[in-house]
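Trainee: Got a minute to go through this one with me? I'd like to start with strand pairing.
Mentor: Sure, put it up.

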Amino acid sequence: MEQDSGMFTVQSTIGSVLCCKCGILMQPNAANMCAKCLRSEIDITEGLQKSVTIIHCPECDTYLQPPRTWIKANLESKELLTFCVKKLKNLNTVRLVHAEFIWTEPHSKRIKVKLKVQKEVLNGAVLEQAFTVEYTVLDQMCDSCSRVQANPDQWVAAVQLRQHVSHRRTFFYLEQLILKHDAAKHAIRIQQMDQGIDFFFGKRSHALKFVDFVGKVSPVRSRNDKQLVSFDSKSNDYNYKYTFSVEISPVCREDLICLPPKLVNSLGNLGPIVLCTKVTNSIALLDPFTLRHCFLDADQYWRTSFKALLSSRQLVEYVVLDVEPVSSEVTVGGSRYILADAQVARVSDFGKNDTIFNVRTHLGHILNPGDNALGYDLYSANSNDIELDKYKGFSIPDVILVKKSYEERRQKKRGKARTWKLKSLNMEVDSTARGYNEEKISSEYEQFLRDLEENPDMRFNLSLYRNKEYQPSEMASSVADGDELPSIPLDELLADLDLSDVESNGDDDDSMTE
């Protein structure tokens with residue numbers, strides 16, 4: 001508008017003065033000195049530490065925070081940067097603006113941190129200055145690691161996990177849960193036993209925390225005991241060793257169960273023949289003939305405990321001849337079921353007899369004529385169950401189908417690597433112990449891996465990693481859609497992080513900024 005009226009404006013300019021030291025032109029400030037001369041006259045980092053010594057435990061990779069606290073921190077992590085900054089004294093006299101690592105060789109036992117600080121000097125002028133602090137790393141084992149190195153048996157608390165069954169599939173699943181949640185990070189030693197696992201801890205509180213974790217993921221009951229190790233009458237100090245005995249319910253997934261009459265009445269006449277479909281901190285039971293279900297928590301189970309009538313090791317393979325759905329789809333505990341009538345025949349009977357069984361099954365949503373299924377053969381089974389004898393006049397079905405079988409298709413891919421893998425605990429195994437059978441354990445572990453592939457609900461709480469050694473073959477890609485096996489999608493797999501890969505990829509990055 002001023003231009004339209006013919007008026008003009010004067011451009012505002014910032015005046016400049018001469019530095020009182022070197023005489024160069026500069027913008028005026030409170031000290032009337034340029035930044036170069038100001039730094040030469042005043043050092044705001046005077047009195048700040050330039051070299052510090054920190055204590056590191058090489059066994060558990062922790063750093064000492066005086067007086068007795070040990071902090072877990074990886075190299076060039078935010079936790080280590082915060083720890084290093086807090087080690088500096090008189091840092092409250094300046095204002096910290098920026099902190100970052102300067103790369104050093106990992107084996108040099110030196111950590112360098114570059115800091116930028118500000119401070120008000122000479123009539124309100126604010127000076128910013130950068131300096132480097134060198135930390136010398138001294139290796140010294142923490143108390144718990146020292147006890148372990150001196151004597152590995154110097155544990156304070158032991159947790160004995162036991163399950164009185166003939167297989168270890170429950171412990172394979174529990175091992176993956178422990179790894180995902182890092183529940184055994186404080187364990188001094190882990191030892192595999194005949195019917196369970198022993199965990200040894202350096203503190204009683206760590207053992208209590210672990211027992212609490214196991215109780216949240218499986219139905220257990222526990223008891224504890226303590227033994228006096230030493231006693232000092234002058235200081236009135238007692239040293240105990242604590243033992244926690246944790247028993248896991250013997251009921252496992254896919255077990256066939258005959259419920260006690262008292263429990264059947266309390267559950268509204270459910271069963272009494274039921275299948276266990278899922279085991280977490282509660283036990284999921286399903287009536288395969290009516291699709292009625294219930295959930296028993298640990299207290300309810302141990303109040304009226306029961307055992308399996310038949311276990312998954314006694315499953316028999318059948319061929320499905322015909323399937324006819326008799327109900328609509330029902331969702332039970334997150335899983336879909338359809339009640340159906342089916343005609344099945346034992347695979348072992350082919351060429352011997354023409355025995356055909358008419359059964360009612362809950363697998364109508366996945367079974368088709370020509371499929372194979374695994375089930376319990378009650379027609380020829382000889383079961384001496386006390387609870388079953390209490391039901392007089394109860395007609396037992398000839399066959400109870402449990403799941404679809406993919407054994408024929410697996411035969412074609414036998415020996416081929418999977419696209420995924422699992423991690424395992426650093427566990428001591430005594431191969432000379434009584435009852436140890438490596439072939440049996442390998443077979444059970446293979447069955448556990450197959451269960452993970454077939455059941456998305458089962459692997460929901462586990463961490464599965466990509467197998468770098470897997471190489472897809474042309475034969476695998478040419479398999480027809482009808483012959484495809486249950487597999488785990490790649491988007492469910494995690495990348496197995498390797499520190500050497502991270503270091504090679506991070507050569508261009510010299511520092512990490514907080």
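Mentor: Strand S27, residues 464–466, pairs with S28 in the parallel sense, over 2 bridges. Keep in mind that this is a predicted model.
Trainee: Which residue in S28 is the bridge partner of Leu464?
Mentor: Leu493 is the bridge partner of Leu464.
Trainee: What order do the strands of that sheet come in?
Mentor: The order is S26-S27-S28, 3 strands in an open sheet with mixed pairing. Strand S26 (420–421) and strand S28 (493–494) are the edge strands, and each pairs on one side only.
Trainee: What holds strands of a sheet together in general?
Mentor: Backbone hydrogen bonds, in either a parallel or an antiparallel arrangement.
Trainee: Switching to helices. Where is Leu449 found?
Mentor: Leu449 is in helix H10, which covers residues 438–454.
Trainee: Is Leu449 buried or exposed?
Mentor: Buried: its relative accessible area is 10%, and the cut-off for buried is under 20%.
Trainee: Which residues is Leu449 in contact with, leaving aside neighbours within four places in sequence?
Mentor: Arg418, Trp420 and Leu422. Arg418 is 31 residues from Leu449 along the chain, with 9.8 Å between their C-alpha atoms.
Trainee: Now cysteines. How many disulfides does the structure hold?
Mentor: It holds 0 disulfides.
Trainee: Why is there no bond between Cys37 and Cys34?
Mentor: Because the sulfur of Cys37 is 3.3 Å from the one in Cys34, its closest cysteine sulfur, and that is too far for a bond. The cut-off is within 2.5 Å.
Trainee: And burial, for Cys37 and Cys258: what are the values?
Mentor: Cys37 has 11% relative accessibility and counts as buried. Cys258, at 2%, also counts as buried.

Definitions and conventions. Residues numbered from 1 in each chain as written. Predicted model: local features only at pLDDT ≥ 70, side-chain atom pairs only at ≥ 80, totals over all residues. Heavy atoms only, no water. Pairing = 2+ DSSP bridges. Helix = DSSP H or I, 4+ residues; strand = E, 2+ residues; numbered from the N terminus. Buried < 20%, exposed > 50% of the residue type's maximum accessible area, 1.4 Å probe, protein only. Contact = heavy atoms within 4.5 Å.
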